[in-house]
Amino acid sequence: MANYYAGVKFSPTGKSYYFSCDDNALKIGDKIVAESIRGMQVGEISIEPIAISEYKSELELKPIIRRANDDDLLLYEVNKKKSEEAMKIAMIEINKLELEMRPIDAEYALDGSKLTIAYVADDRVDFRDLLKVLAAKFHCRIELRQVGSRDKAKMVGGIGICGQPLCCTRFLTTMEGISINRAKNQMLSLNIPKLSGHCGKLICCLVYEDDAYTELKKDFPRMNEAVYKDNQIFKVTGINVISKTVKIENEELIENIELSEYNKLKKVKNNAKS
């Protein structure tokens, strides 16, 4: 049994996966060869070795085989070029069989014993005939893996509405589900097309400022709270946490006032609840 376990990434923005090892001198950034579910792969240490006694999960740990040597790294680069060619061939065969699927990524195991092809499809696809054709052409085990729209965006990449490369391709290692409630919390216009990313899902950046909005809104009045101002009754109809202003109105007037000014106003008893 191995004495340690360490975190390994197989792509710069991929998740860290734990593998067993006996080399406690491994450092973050070291290239290694590990036995993964996709076969032998070159990866990079993302979490330095930890005593195996600290491992609490019931999942079985696959091993880190060795530090990657020059031959491993050379073969890794060769396989990347072979994977590009495999993508082209797979696309040709898919078109011949008229299958409703689109390959977006291919990856060879380090020893060439397995080829994993990721694809997107709207529905389930019967690809048994395709597997037979590809196995005959590539002479190795073939795995066809359907991925979701978010995984597709992460693999393919692109430019976001901010003008920067997509977050998922740069630094996001996990992608949590994003609710429309986050947009509501940040008082954004609920224009779904404008709030959607390349994947068709709500943009991940809705997560970044959500906690800040939740905290800032604690200092603001609730909607429909009534106050006296200039001997008139106004109700709160909007807030702006960035400019720290409160929108109040009645049948005749609409005003935007500073939060500090609002806090000096007298509240109307028995305010209507929002």
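Aspartate 210 is buried in this predicted model, its relative accessible area being 9%. Its side chain meets that of arginine 182 in a salt bridge, with 3.2 Å from N to O. The two residues belong to distant parts of the chain: aspartate 210 lies in helix 7 (residues 210-216), arginine 182 in helix 5 (residues 180-185), and 28 residues separate them. Is arginine 182 buried or exposed? Because buried means under 20% relative accessible area, arginine 182, at 19%, counts as buried. Elsewhere, salt bridges with shared partners join Asp23, Asp30 and Arg67 into one network.

Side chains of opposite charge can pair when their charged atoms come close. In this model, the count of such salt bridges comes to 16. One of them lies within a single helix: glutamate 77 pairs with lysine 80, and their closest N and O atoms are 3.7 Å apart. Both residues are in helix 1 (residues 70-97), 3 residues apart, which is about one turn of the helix. Glutamate 77 is partly exposed, with a relative accessible area of 39%, and lysine 80 is likewise partly exposed, at 39%.

Another salt bridge leads from helix 1 to helix 2. Glutamate 93 pairs with lysine 137, the closest N and O atoms being 3.8 Å apart. This pair also links distant parts of the chain, since glutamate 93 is in helix 1, lysine 137 is in helix 2 (residues 128-138), and the two are 44 residues apart. Glutamate 93 counts as buried, at 8% relative accessibility, whereas lysine 137 counts as partly exposed, at 44%.

How are these two helices arranged? Two packed helices are described by the angle between their axes and the distance between the axes. The axes of helix 1 and helix 2 come within 10 Å and cross at roughly 140 degrees, and the crossing is right-handed. On the side of helix 1, the contact is made by Ala86, Ile89, Ala90, Glu93, Ile94 and Leu97. Helix 2 contributes Asp129, Leu130, Val133, Leu134, Lys137 and Phe138. The residues of this contact divide into 9 nonpolar, no polar and 3 charged. Glu93 and Lys137, the partners of the salt bridge just described, are thus among the residues of the contact.

Helix 2 itself may now be considered. Its residues Leu130, Leu134 and Phe138 are buried. Seen down the axis of helix 2, the buried residues fall within an arc of 45 degrees, so they line one face of the helix. On the other side of helix 2, Arg128 and Lys132 are exposed. Against which elements do the buried residues of helix 2 pack? They pack against helix 1, and also against strand 6 (102-108), strand 7 (114-120) and strand 8 (141-146). After helix 2 comes histidine 139, whose phi is positive, near 55 degrees.

A last residue returns the reader to helix 1, where asparagine 79 is found. Asparagine 79 is buried, with a relative accessible area of 5%. Which residues does asparagine 79 contact, leaving aside its neighbours within four places in sequence? They are Tyr108, Ala109 and Leu110.

Technical notes. Residues are numbered from 1 along each chain as its sequence is written. This is a predicted model: local features need pLDDT of at least 70, side-chain atom pairs count only at pLDDT 80 or more; totals for chains, interfaces and linings use all residues. Side-chain values use heavy atoms; hydrogens and water are left out. A salt bridge is a side-chain nitrogen of Lys or Arg within 4 Å of a carboxyl oxygen of Asp or Glu. Helices (H or I, at least four residues) and strands (E, at least two) are DSSP runs, numbered from the N terminus. Buried means under 20% relative accessible area, exposed over 50%, partly exposed in between (1.4 Å probe, protein chains only). The arc is that of the directions from the helix axis to the C-beta atoms. Contact means heavy atoms within 4.5 Å. Axes are lines fitted to C-alpha atoms, for helices over the stretch in contact, and angles run from 0 to 180 degrees between N-to-C directions. A crossing is left-handed if the near helix is turned anticlockwise from the far one by less than a right angle, and right-handed if clockwise. Ala, Val, Leu, Ile, Met, Phe, Trp, Tyr, Cys and Pro count as nonpolar, Asp, Glu, Lys and Arg as charged, and the others, Gly among them, as polar.
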